[in-house]
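Here is a short tour to read alongside the viewer. Have the sequence and the model open together, and follow the headings in any order that suits your bench notes.

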Amino acid sequence: MSFFDRLFGRKSSADSAKERLQLVLIHDRTDLTPAELDSLKDDLIAAISRHVEIDTQSMQIGVEHDGRSQRLVADIPIKSAQRRRARKTK
Amino acid sequence: MPAQVITVTSGKGGVGKTTAVANLAVALASNGSKVVCIDGDIGLRNLDVILGLENRIVYDIVDVIEGRCRLKQAMIRDKKLPELYLIPAAQTRDKNSVSPSDMNRLVKDLRNDYDFVLIDSPAGIERGFRNAIAAADRVLVITNPEVSAVRDADRVIGILEAEDKGPAALIINRLNPALVKKSDMLSADDVLDLLAVELIGIVPEDENVIISSNRGAPVAHDPKSKAGQAFRNIARRLKGEKVPFLDLDSSGSLWERLQRLAGRK
Ligand SMILES: Nc1ncnc2c1ncn2[C@@H]1O[C@H](COP(=O)(O)OP(=O)(O)OP(=O)(O)O)[C@@H](O)[C@H]1O
Ligand SMILES: [Mg+2]
């Protein structure tokens, strides 16, 4: 990595290699393409929304790895029932 | 004690499988173990030239399997190390002339008379790879600190797990400490983070590997070579010794090294 790369805050080639590999390995290990992961997310949102109202803006769904195993991690905030009721009566 | 049967494989070609098998064999045999190495790369025989034994070949592994000779007749004794033998690959046949059960049978006959059987696998994940891992008690996956090699290593490690041949142990070969320092090469820690397997050795990029392969005398014979030292350390780890990993970061000026010694860097 050259002096100028560092000066302009460019990522080192080793860092790009690592980040790219992280993504590739998740897809290789799970057989999930980024497009498939997106459609999985949409299905999840649809299924959960039938039961509770969720905050789709701040939710996070992604694949994380824990050693050699992958897990689907979802953090989905549920909108509070009180606020929902308050809004309806307004 | 029956032999430990160890296969070296990689997924990607050209990352150093044959070099590793030759050097581990030399290092183990120099240390008093009885070693047989088997060239599992049928059709692309190489271990013989790396060990400098190409002129002594009469029979090969397919001759043994097809009953044209006895096992002992195909075993070539090393020039320098009397307890090191090579069973060469067939050069004019293809990998389908051997099956996993052939390999199991052949290795079974060696188990009681030797301490280590080392098997050199071809690249890829097809028949030749399946043959090479069939009889293994332990599989060493070798990779280079590069994106394609690491990706292929991950695939192989996954297959080994699925086939109950895991957990694999990892050799990182051709690490260039100067490039790592400039953040232009994945470090050993990066590779371990990505692959999440046990590390058994880090071998630096070393021109002595090429020089010694020209001569047909693996670099593990050379007491001064860093790669040779790294392979000797892996051999000791295979015997169950705890050996610290080499400090490869001897790059930089004397001043930098002194500062590091003084704990200032
Ligand atoms: N640590 C090293 N330093 C420098 N050169 C190396 C090192 N390790 C291997 N090489 C070189 O890399 C090349 C490939 O090595 P080798 O033949 O052992 O790989 P391989 O994995 O067996 O290849 P194949 O998949 O074709 O069987 C050789 O020219 C070898 O000399
Ligand atoms: Mg080879």
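## Layout of chain A

From start to end of its sequence, chain A runs α-α-α-β-β-α, which gives four helices and two strands. Please keep in mind that this is a predicted model. Of the 90 residues in chain A, 18% are buried. Among its contacts with a separation of 6 or more, 35% join residues 24 or more positions apart.

One residue to look up here is A:Ser16, which sits in helix 2 (residues 13-30) of chain A. Is A:Ser16 buried or exposed? A:Ser16 is partly exposed, because its relative accessible area is 26% and buried would require under 20%. Between A:Ser16 and A:His65, 49 residues apart along the chain, the C-alpha atoms are separated by 18 Å.

## Where the chains meet

Across the interface, 16 residues of chain A are in contact with 18 residues of chain B. Together the two chains bury about 1,500 Å², and carbon and sulfur atoms account for 55% of that area. If you would like three residues to highlight on the chain B side, pick B:Arg151, B:Asp154 and B:Leu194: they supply 36% of the area that chain B buries against chain A, more than any other three residues.

## The nonpolar cores

In soluble globular proteins, nonpolar side chains tend to be buried together. Here, the largest nonpolar core has 41 residues. Those with the most contacts inside this core are B:Cys37, B:Leu51, B:Leu84, B:Leu118 and B:Leu140. Helix 1 of chain B gives the most to the core, with nine residues.

A second, separate core has 27 residues, including A:Leu25, B:Leu160, B:Leu186 and B:Leu194. B:Leu194 is thus worth a second look, as it is also one of the three residues named above for the area buried against chain A.

Back in the largest core, which residues is B:Leu140 in contact with, leaving aside its neighbours within four places in sequence? Among them are B:Ile6, B:Val8, B:Leu24, B:Ile171, B:Ile200 and B:Leu238.

## The largest pocket

The largest pocket has a volume of about 620 Å³. It is lined by 33 residues, and B:Gly14, B:Val15, B:Gly16, B:Lys17 and B:Thr18 are the closest to its centre. By class, the lining has twelve polar, eleven nonpolar and ten charged residues.

Several elements of chain B each supply at least two lining residues: helix 1 (17-30), helix 6 (127-134), strand 7 (169-175) and helix 10 (207-215). Helix 10 gives the most, with four residues.

Notes
Residues numbered from 1 in each chain as written. Chains lettered and ligands numbered in written order. Predicted model: local features only at pLDDT ≥ 70, side-chain atom pairs only at ≥ 80, totals over all residues. Heavy atoms only, no water. 1 Å grid on protein atoms, 1.4 Å probe; cavity = no way out; pocket = protein on both sides within 12 Å on 5 of 7 lines; lining within 4 Å. Points joined across faces, edges and corners; volume = space filled by probe spheres on them. Nonpolar A, V, L, I, M, F, W, Y, C, P; charged D, E, K, R; others polar. Core = buried A, V, L, I, M, F, W, Y, C linked by side-chain atoms within 4.5 Å. Buried < 20%, exposed > 50% of the residue type's maximum accessible area, 1.4 Å probe, protein only. Contact = heavy atoms within 4.5 Å. Buried area = accessible area lost by both parts, 1.4 Å probe.
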